[in-house]
Amino acid sequence: MTILQLSTHSTYDLLRHLADSYGLAIMALVFVGLCLWPFRPGGRAASRDAALSIFEDDTNDA
């Protein structure tokens, strides 16, 4: 066993502490923010441009 290797018990304790602290609330806020990102006011045009970009003519045909 090396010095840097964590046992499963300490990994569990670390994850449990994260879930019991503000870490879980921060992760939930990031998740909700990422879910709502496409619906921001300026997002419609960017999403439409990205979706239609595959239909643009490719002028570099060799």
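How many helices and how many strands does the protein have? Select the whole chain and colour it by secondary structure: three helices appear, and zero strands. Helices here are DSSP runs of H or I with at least four residues, strands are runs of E with at least two, and numbering starts from the N terminus. Read from that end, the elements go α-α-α.

Before zooming in, a word on what you have open. This is a predicted model, in which local features need pLDDT of at least 70 and side-chain atom pairs count only at pLDDT 80 or more, while totals for chains, interfaces and linings use all residues. Residues are numbered from 1 along each chain as its sequence is written, and side-chain values use heavy atoms, with hydrogens and water left out.

Now switch the colouring to pLDDT, the predictor's confidence in each residue on a scale from 0 to 100. The mean for the protein is 81, and 79% of the residues reach 70 or more. Among the elements, α2 has the highest mean pLDDT (91) and α1 the lowest (80). Where pLDDT is low, the predicted coordinates should not be read in detail.

Next, turn on the surface. The protein exposes about 6200 Å², with carbon and sulfur atoms supplying 67% of it; these areas come from the Shrake-Rupley method with a 1.4 Å probe, and for residues only the protein chains shown count as cover. Of the 62 residues, 3% are buried. Buried means under 20% relative accessible area, exposed means over 50%, and partly exposed is in between (1.4 Å probe, protein chains only).

Keep the surface on and select Leu15, Leu18, Leu24 and Met27, which make a nonpolar patch of about 370 Å². Both α1 (8–20) and α2 (22–36) give two or more residues to this patch. Patch members have over 30% relative accessible area and no salt bridge; nonpolar side chains (Val, Leu, Ile, Met, Phe, Trp, Tyr) are joined within 5 Å, like charges within 9 Å.

Click on Leu15 in helix α1: its relative accessible area is 52%, so Leu15 is exposed. Then move to Leu24 in helix α2, which counts as partly exposed because its relative accessibility is 45%. Setting aside neighbours within four places in sequence, Leu24 is in contact (heavy atoms within 4.5 Å) with Leu18 and Ala19.

Stay on α1 and show Arg16 and Asp20 as sticks. Their side chains meet in a salt bridge, at 3.1 Å from N to O. The rule asks for a side-chain nitrogen of Lys or Arg within 4 Å of a carboxyl oxygen of Asp or Glu, and the count comes to one. The partners are four residues apart in helix α1, about one turn. Asp20 is exposed at 55% relative accessibility, whereas Arg16 is partly exposed at 44%.

Last stop: Ser53, in the segment after α3 (43–52). A polar atom of the Ser53 side chain lies 2.9 Å from the backbone oxygen of Ala50. With 36% relative accessibility, Ser53 counts as partly exposed.

Notes
A polar contact is a pair of N or O atoms within 3.5 Å; within protein, one must be able to donate a hydrogen and the other to accept it, and residues adjacent in sequence count only if both atoms are side-chain atoms.
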